[in-house]
Amino acid sequence: MNSRSDNQCSCASTLRRRLIRAGAKRSFLSVVMLSLSALLAGPAWAATHWVDATAASASPGTGCGINAGYTTIQAAVNAASPGDTINVCAGAYAENVSIPVASLTLNGAQAGNPVAGRTFAVAESTVTGTITIQAANVTIDGFSLTNPGQSTGILIKTAGNNASIINDIINGIGGVSFSGNTQAIYLENGPDNVSVVGNRIQGVEGVLTSNGAIFIGDSTASNPSLNILIEGNSISDIHSVSRGAYGIHINNGASTAPSATGFTTVTIRNNTIDNLIGGGWAHAIGLEGDTPGVLVVGNSISNLVDLTPTILGQDAIAVWFEDNPSFGTATVNDNNFDVTIAAYGIAVHPAIVGTGTVDGTCNWWGDANGPGPVGPGLGARVSARVNFTPWLTAPAPVGACIGGVPSTAGKVTGGGQIPGSDPIFSPLGDLLSVPALLPSLANPNEKATFGFVVRCCPATGNLEYNDHETGVRIKAQSIDALVISNGGCGPNTHATFTGTASVIRSTGTTTEPFTVEVDDCGEPGTADTFSIRTTTYSNGPRTLVGGNIQIHR
Ligand SMILES: [Ca+2]
Ligand SMILES: [Ca+2]
Ligand SMILES: [Ca+2]
């Protein structure tokens, strides 16, 4: 059992002792009620149930081991009322679990703990079977789950609105000789407001059918699946022997039958998808039903293999639109398509009726010159009906979205100080790196100093930057591009320049792409801003605490 479960056990027993003492001293039920409502989050009378294979106490139990009240998860579910919590202690549970009770929270031993650093089935509550959600507001947090030789890990039925699948490790669904459709997480026939966040999904495979990590179906559905969030999941090793391998597969209502009126509104954000192998095809994000306004941002996709390529190339695609009349309303930005020129970064099926274009700007295509062969670069392929300019000139979140934009004739100079380094955030505000020390006005060493001169064209110049507090120096080796644009302080007040830099720490020096963005808001430079980011470092944008930036064009 891990330390968190120990904490849960001691918290529960401490709470129980307090309640017993309070009741014994005053013998007033009102005191107990007051204590309960003050100490327990949620509904005053929500119960907590404890599950452990070695349970030996009366239900609902008070902790793990012999203090638990149920030996199976299903027994606890059967005894639960809406609003209850079920704590499943570390151990193995070979059972299918069906959840018809609304507002139930199932906590595994790792509830609340991110999957990073955890190992499948080690110090985990490990379910071998399918968990089926058929009531609203159910949370599944902090489990390991496997289901070899079966089709589904977690099945969310139509009634499972507001389900939250979080911090779960799903490893091993189906198998290389399993003949059914396999999927780790399956939203069946239109549940709404479902969150699938922060899970690790590995090893989904089968023979004759398509297999995927997260599947929103079905093609014949008449019920839309609304407001779905798929965020921060790590998906890898998906295999179909003879058909499609999917990371995220959406085809709710995709059938041409008049009764199939389902569609999906979904945000797919900051997921990593790696190593899909399909005997027929490999689609990392298959938007194969109607997905009006779909947002696909901040995902990193790599290693897609179609084992049966045609003369036109592999049917291996990072983001794919098929049977999707709303493709022209899609936003596909800030993704990394590290799939080589053999595969597509974004593709729209040529048979889709309509004349729109996918907003496919600001993606990294694996090449500083952008996508190919329709695009100008040697990066991942792109189809027609995708607007891919400008693209990122280096992987997100370092790259600048100036690929394909002509450099600007002009000169940008600057020198001065800004406060010390910041954590890195994605464009949507998600934390991407741990924060450095917070800057303190009392310690001038926490300032970072910079100096640069960049001119164009061709783009040349130099840059030196020194974060004294964190001991990071950045020195440009080359300048690739300079773009001067309109900024918050007026026309031609914003400049972006990119290149390659030495990033120097006491532990060693690395060569990394860099992006610097500055605003020239007047003289002296008290309103000017500076930002710099490399693969391993980021600071800003920050307003200068000394110095000046000047943009001339
Ligand atoms: Ca629905
Ligand atoms: Ca193929
Ligand atoms: Ca200035």
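Student: In this predicted model, through how many residues does a hairpin join E33 to E34?

Tutor: Strand E33 covers residues 448–456 and strand E34 covers residues 460–467, and the two pair in the antiparallel sense over 8 bridges. Within that pairing, Ala448 of the one strand stands opposite Asp467 in E34. The hairpin that joins E33 to E34 does so through 3 residues.

Student: Which residue takes a positive phi in the hairpin of E34 and E35?

Tutor: E34 also pairs with strand E35, residues 472–487, in the antiparallel sense and over 4 bridges, and Glu464 has Lys475 in E35 as its bridge partner. The hairpin of these two strands has 4 residues between them. The residue there with a positive phi, near 70°, is Gly471.

Student: Which residue in E33 does Lys411 stand opposite?

Tutor: Strand E32, residues 410–418, runs antiparallel to E33, and 9 bridges join the two. In E33, the residue that Lys411 stands opposite is Arg455.

Student: How many bridges join E32 to strand E40?

Tutor: Strand E40 covers residues 546–552 and runs antiparallel to E32. One of the facing positions sets Gln417 opposite Gly546 in E40. The number of bridges that join E32 to E40 is 7.

Student: Why is one side of strand E3 and of strand E27 left without a neighbour in the sheet?

Tutor: The sheet in question is open, has 9 strands with parallel pairing, and follows the order E3-E6-E9-E12-E15-E18-E21-E24-E27. Strand E3 (91–94) and strand E27 (336–338) each have one side without a neighbour because both stand at the edges, each with a single partner strand. From one strand to the next, the twist averages 10°.

Student: Which residue in E15 is the bridge partner of Ile169?

Tutor: Strand E12, residues 169–174, and strand E15, residues 200–206, pair in the parallel sense over 5 bridges, and both appear in the order of the open sheet. The bridge partner of Ile169 in E15 is Arg200.

Student: What percentage of the contacts in the protein chain with a separation of 6 or more comes from residues 24 or more positions apart?

Tutor: The protein chain has 3 helices and 40 strands, and buried residues make up 49% of its 553 residues. Among the contacts with a separation of 6 or more, the share that residues 24 or more positions apart account for is 67%.

Terms used:
Residues are numbered from 1 along each chain as its sequence is written. Chains are lettered from A and ligands numbered from 1 in the order in which they are written. This is a predicted model: local features need pLDDT of at least 70, side-chain atom pairs count only at pLDDT 80 or more; totals for chains, interfaces and linings use all residues. Two strands pair if DSSP finds at least two bridges between them. Axes are lines fitted to C-alpha atoms, for helices over the stretch in contact, and angles run from 0 to 180 degrees between N-to-C directions. A residue is buried if 20 or more other C-beta atoms lie within 10 Å of its own, exposed if 12 or fewer, and partly exposed in between; C-beta atoms are placed from the backbone. Two residues are in contact if their C-beta atoms, placed from the backbone, lie within 7 Å.
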